[in-house]
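Visitor: I would like to learn how to read strands, cavities and pockets in a model. Could you walk me through this one?

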Amino acid sequence: MREILPGVHHWSAHHDPIGARVSSYFVEPAGIVVDPKVPEEEGGLTALPGTPQQIVLTSGHHDRDAQQFADAFGIPIRASREADAYLGGALTIEPFADGEEIAPGVTAIHIGVLCDDEGALHLAVADGAIAFADALHHSGDGLGFFPDHLLGDDPEAVKTGLTERFRDLLGRDFDSLLFGHGDPLVGGGKAALEAFAAR
């Protein structure tokens with residue numbers, strides 16, 4: 001686990017359902033954990049540098065270890081109304097709406113292109129950050145979409161729709177990008193997203 005921005009901590013853990021490592025975040029000033037997996041380091045949940053007040057899911061597909069966090073800390077699981085519908089009662093959710101400030105400095109953003117419950121978060125920390133669910137990932141090759149076979153029946157239409165949503169995001173204040181899949185891009189994120197959307 002490492003602090004990537006003031007009060008924002010990132011870690012990754014293996015997620016069995018997809019057979020890959022995924023990223024989670026603790027935004028300490030806002031008291032939220034985002035798309036959490038139990039840290040693999042010694043101590044597990046006690047490795048967090050503070051006590052979260054809410055679990056926030058960027059997508060219904062990112063339920064991961066949310067229930068374990070909720071049980072351990074006695075805190076609610078928050079997700080969009082669309083994510084709540086997708087989960088169909090599998091978790092007890094306190095839903096939020098597009099544009100809602102769900103914690104201090106944390107605003108929900110509905111993306112809804114890849115799937116209806118696809119979302120993002122705008123974090124007003126440092127120079128700002130956007131946290132993505134599955135709309136975009138980050139690897140050694142830079143920003144990218146997921147492979148076409150994961151993008152539904154019309155991948156090109158999905159890519160076009162996502163690109164339009166990325167352009168909308170450029171009107172917000174941010175300089176870092178956080179991902180559910182891949183390492184965060186700390187600094188230069190807005191320029192990278194603008195370049196990606198212009199391709």
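Guide: Gladly. Let me begin with a term: strands are DSSP runs of E, at least two residues long, numbered from the N terminus. Bear in mind as we go that this is a predicted model.

Visitor: With strands named that way, which strand gives the most to the lining of the largest pocket?

Guide: That is β3, with three residues. The largest pocket itself has a volume of about 440 Å³. Its lining is made up of 16 residues, and I18, H61, H62, D134 and H181 are the ones nearest its centre.

Visitor: How many residues of each class are in the lining of the largest pocket?

Guide: Eight are nonpolar, four are polar and four are charged.

Visitor: Now to enclosed spaces. How many cavities of 30 Å³ or more does the structure hold?

Guide: A cavity is a set of points where a 1.4 Å probe fits but cannot get out, whereas a pocket is open. Here there are two cavities of 30 Å³ or more. The largest cavity has a volume of about 90 Å³. It is lined by 15 residues, and those closest to its centre are S80, F96, A108, I109 and G119. Two elements, β9 (106–110) and β10, each give two or more residues to this lining. By class, the lining of the largest cavity holds seven nonpolar, four polar and four charged residues.

Visitor: And what lines the second largest cavity?

Guide: The second largest cavity, with a volume of about 30 Å³, is lined by S23, Y25, V34, D35, T58, A131, F132, F179 and G180. The elements β3 (20–27) and β11 each supply two or more of these residues. Five of the lining residues are nonpolar, three are polar and one is charged.

Visitor: Let us return to F96. Is F96 buried or exposed?

Guide: The cut-off for buried is under 20% relative accessible area. F96 has a relative accessible area of 5%, so it counts as buried. You will find F96 in strand β7 (residues 93–96).

Visitor: Which residues is F96 in contact with, leaving aside its neighbours within four places in sequence?

Guide: They are V56, L57, R78, A79, S80, R81, I102 and A108. Take V56 as an example: V56 and F96 are 40 residues apart along the chain, and their C-alpha atoms are separated by 9.8 Å.

Visitor: How should I read a sheet? In what order do the five strands of the open sheet come?

Guide: Two strands pair if DSSP finds at least two bridges between them. The five strands of this open sheet run in the order β8-β9-β10-β11-β14, with mixed pairing. Its edge strands, β8 (101–103) and β14 (176–179), each pair on one side only. On average, neighbouring strands of the sheet are turned by 30° against each other, direction ignored.

Visitor: In what sense do β10 and β11 pair, parallel or antiparallel?

Guide: Strand β10 (residues 119–123) pairs with strand β11 (residues 129–132) in the antiparallel sense, over four bridges. To see one such match, look at H122, whose bridge partner in β11 is I130.

Visitor: One last feature, the hairpin of β1 and β2. Which residue there takes a positive phi?

Guide: G7 does, with a phi near 80°, in a hairpin that has two residues between the strands. Strand β1 (residues 2–5) and strand β2 (residues 8–15) pair in the antiparallel sense over three bridges, and L5 stands opposite V8 in β2.

Methods: Residues are numbered from 1 along each chain as its sequence is written. This is a predicted model: local features need pLDDT of at least 70, side-chain atom pairs count only at pLDDT 80 or more; totals for chains, interfaces and linings use all residues. Side-chain values use heavy atoms; hydrogens and water are left out. Axes are lines fitted to C-alpha atoms, for helices over the stretch in contact, and angles run from 0 to 180 degrees between N-to-C directions. Buried means under 20% relative accessible area, exposed over 50%, partly exposed in between (1.4 Å probe, protein chains only). Contact means heavy atoms within 4.5 Å. On a 1 Å grid over the protein atoms alone, a cavity is a set of points where a 1.4 Å probe fits but cannot get out, and a pocket is an open set with protein on both sides within 12 Å along at least five of seven lines; lining residues have an atom within 4 Å of a point. Grid points are joined across faces, edges and corners, and a volume is the space filled by probe spheres set on the points. Ala, Val, Leu, Ile, Met, Phe, Trp, Tyr, Cys and Pro count as nonpolar, Asp, Glu, Lys and Arg as charged, and the others, Gly among them, as polar.
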